[in-house]
Amino acid sequence: ETPAGVACPCSADYLFDYWTRIRDHSQKALALLIHEVPLEKGSFHEYLDSTPDLIVMAVGPEGGFSPAEADDFIEAGFKPVTLGDTVLRAENAALYAAAAVRTLIFERHTWTVKANQ
């Protein structure tokens, strides 16, 4: 198992280049865009329904990504998710998102699907 790592802040261009270089070397790569407002109806659970072998997360600056930046991430294959209505500093949001992903991956075997009521 490859250990998790958190990179220093970088530009969106650097992250796009990094994602482009590494996603092709992965069988089940996943890129997540952590965004303040829901951009679509995706969730951590939905995106982690199978265990990816590589996860890249983009956490924006305080104030969030601009609409154009969010569109660029989505066009590059990032899946947008939100942390809900909690407003966090950027560094705390990154740790929160990493912890959420790690917890969901470790507990994935305990999930149950509930029938629609």
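This section describes the sheet, a helix that lies across it, and the salt bridges of a predicted model.

The sheet consists of three strands. It is open, and its strand order is 2-1-3. Pairing within the sheet is parallel. Strand 2 covers residues 54–59, and strand 3 covers residues 79–81. These two are the edge strands, each pairing on one side only. From one strand to the next, the twist averages 30 degrees.

Strand 1 spans residues 29–34. Three bridges join strand 1 to strand 3, and the two run parallel. Within this pairing, Leu33 stands opposite Pro80 of strand 3.

Helix 1 comprises residues 12–23. Helix 1 lies across both strand 1 and strand 2. Relative to strand 2, helix 1 runs at about 170 degrees. On the scale used, angles run from 0 to 180 degrees between N-to-C directions. The directions of helix 1 and strand 2 are therefore close to opposite.

Three salt bridges occur in the structure. One of them links Arg21 and Asp17, with the closest N and O atoms 3.2 Å apart. Both residues belong to helix 1 and lie four residues apart, so about one helical turn separates them. Arg21 has a relative accessibility of 42% and therefore counts as partly exposed. Asp17, at 40%, also counts as partly exposed.

A salt bridge also joins the side chains of Arg23 and Asp24. Here the N to O distance is 3.9 Å. The criterion admits a side-chain nitrogen within 4 Å of a carboxyl oxygen, so the Arg23–Asp24 pair qualifies. Asp24 has a relative accessible area of 60% and is exposed. The cut-off for exposed is over 50%, so Asp24 passes it. Arg23, in contrast, has a relative accessible area of 31% and is partly exposed.

Arg89 and Glu91 form a further salt bridge. Their closest N and O atoms are 2.9 Å apart. Arg89 is partly exposed, with a relative accessible area of 48%. Glu91 is partly exposed as well, with a relative accessible area of 41%. Buried means under 20%, so neither Arg89 nor Glu91 falls in that class.

Terms used: Residues numbered from 1 in each chain as written. Predicted model: local features only at pLDDT ≥ 70, side-chain atom pairs only at ≥ 80, totals over all residues. Heavy atoms only, no water. Pairing = 2+ DSSP bridges. Contact = heavy atoms within 4.5 Å. Buried < 20%, exposed > 50% of the residue type's maximum accessible area, 1.4 Å probe, protein only.
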